[in-house]
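Q: I would like to learn how to read a structure of this kind, feature by feature. Could you take me through it slowly, giving the general idea before each case?

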Number of protein chains: 2
Amino acid sequence: LIVAYSYVRIDDEAVGAEFENAMRSRSGLVESFPGFQRFEFRRDAGRRGHYVIVTWWDSRADLRGYLSSEAHRSTHSKLSERARAVIGPPRVEVHEVLTSATA
Amino acid sequence: LIVAYSYVRIDDEAVGAEFENAMRSRSGLVESFPGFQRFEFRRDAGRRGHYVIVTWWDSRADLRGYLSSEAHRSTHSKLSERARAVIGPPRVEVHEVLTSATA
């Protein structure tokens, strides 16, 4: 199980609100990709304007398949030009799950 | 939904292996705490010796309840003295989930 992080920092509050709205009204295309397991959109509780997009995948190949897709590219085009200029490219990180447990 | 991160960096490979084993043979006490949702033990795929412990909780109060418990303290005492000296205190981060989706 692979976990992909995109850390997005938005200092402008209006752009932050636009970003939150865009994430709440997502197209949901990612859910239909092979190997997709889970999606979470979060904010860092300790640092204002720090957002995190997290997706879980069966394998690294599945993650790559999504990242190189038209669906992934099109999600970015939904934001305003101003928002895209403010947001910039996210910092990306990949984790590998070694052990897990659920309630 | 609240997500708690502990980032643990271990440069010593033998201590890293001990840490992985300790996490694989966990007591599993965390699963029985009120508000517990999920646990994942991971390694950063891009940086050797970077581990991440992630837990999901219904609320911040539930997280606090676990962190202040005897069960949480006792997990640390399972590591060797050498391991505890090398590992040191983890960097901690808390996220708040705004939206989520599952396959």
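A: Let us begin with the place where the chains meet: in this predicted model, chain A and chain B bury about 3000 Å² between them, with 49% of that area on carbon and sulfur atoms. On the side of chain A, the residues that lose the most area to chain B are A:Leu98, A:Thr99 and A:Ala101, which together make up 20% of what that side buries.

Q: How many residues of chain A are in contact with chain B?

A: There are 36 residues of chain A in contact with 36 residues of chain B.

Q: How many residue pairs are in polar contact across the interface, and which elements of chain A give residues to the side that touches chain B?

A: Across the interface of chain A and chain B, 22 residue pairs are found in polar contact. The elements of chain A that each give two or more residues to the side touching chain B are strand S1 (2–9), helix H1 (13–24), strand S2 (36–44), strand S3 (50–57) and strand S4 (91–102). S4(A) gives the most to this side, with 10 residues. Sorted by class, the side of chain A that touches chain B holds 17 nonpolar, six polar and 13 charged residues.

Q: Which strand of chain B is joined to S4(A), and how do the two run?

A: When reading paired strands, it helps to keep one general idea in mind: in a regular strand, side chains alternate between the two faces of the sheet. Here S4(A) is joined by seven bridges to strand S2 (residues 36–44) of chain B, and the two strands run antiparallel. Two positions let you follow this pairing on the screen: A:Ala101 stands opposite B:Phe39 in S2(B), and A:His95 stands opposite B:Asp44 in S2(B). Within chain A, S4(A) is also joined to S1(A), by six bridges, and these strands run antiparallel. In that pairing, the bridge partner of A:Tyr5 is A:Glu93 in S4(A).

Q: How should I read salt bridges, and how many are there between chain A and chain B?

A: The general idea is that side chains of opposite charge can pair when their charged atoms come close. Between chain A and chain B the count is four salt bridges, while a search of the whole structure finds 24 over all chains. One that crosses between the chains is formed by the side chains of A:Arg43 and B:Glu96, at 3.3 Å from N to O.

Q: What does a salt bridge within one chain look like, and why can A:Glu13 and A:Arg48 be said to tie together parts that are 35 residues apart in sequence?

A: The side chains of A:Glu13 and A:Arg48 meet in a salt bridge of 3.4 Å, N to O. A:Glu13 lies in helix H1 of chain A and A:Arg48 in the loop between S2 and S3 of chain A, so the pair ties together parts that are 35 residues apart in sequence. A:Glu13 and A:Arg48 are both exposed.

In chain B, B:Arg47 forms a salt bridge with B:Asp44, and the closest N and O atoms are 2.9 Å apart. B:Arg47 is partly exposed, with a relative accessible area of 38%, whereas B:Asp44 is buried, with a relative accessible area of 7%. Salt bridges can also share partners, and in this way A:Glu20, A:Arg24, A:Arg43 and B:Glu96 are joined into one network.

Q: Is A:Arg42 buried or exposed, and what does its side chain meet?

A: The general step is to compare the relative accessibility with a cut-off, since a residue counts as buried under 20%. A:Arg42, which lies in strand S2 of chain A, counts as buried because its relative accessibility is 0%. The side chain of A:Arg42 makes a polar contact of 2.8 Å with the side chain of A:Glu40, and another polar contact, of 2.6 Å, joins the side chains of A:Arg42 and B:Tyr5. Leaving out residues up to four places away in sequence, A:Arg42 touches residues of both chains, including A:Tyr51, A:Trp56, B:Trp56 and B:Glu96.

Q: Which residues is A:Glu18 in contact with, beyond its neighbours within four places in sequence?

A: A:Glu18, found in helix H1 of chain A, is in contact with A:Leu79, A:Ser80 and A:Ala83. Although A:Glu18 and A:Ser80 are 62 residues apart along the chain, their C-alpha atoms are separated by 8.6 Å. A:Glu18 is partly exposed, with a relative accessible area of 26%.

Definitions and conventions
Residues numbered from 1 in each chain as written. Chains lettered and ligands numbered in written order. Predicted model: local features only at pLDDT ≥ 70, side-chain atom pairs only at ≥ 80, totals over all residues. Heavy atoms only, no water. Contact = heavy atoms within 4.5 Å. Buried area = accessible area lost by both parts, 1.4 Å probe. Polar contact = N/O pair within 3.5 Å; in protein donor to acceptor, adjacent residues only side chain to side chain. Helix = DSSP H or I, 4+ residues; strand = E, 2+ residues; numbered from the N terminus. Nonpolar A, V, L, I, M, F, W, Y, C, P; charged D, E, K, R; others polar. Pairing = 2+ DSSP bridges. Buried < 20%, exposed > 50% of the residue type's maximum accessible area, 1.4 Å probe, protein only.
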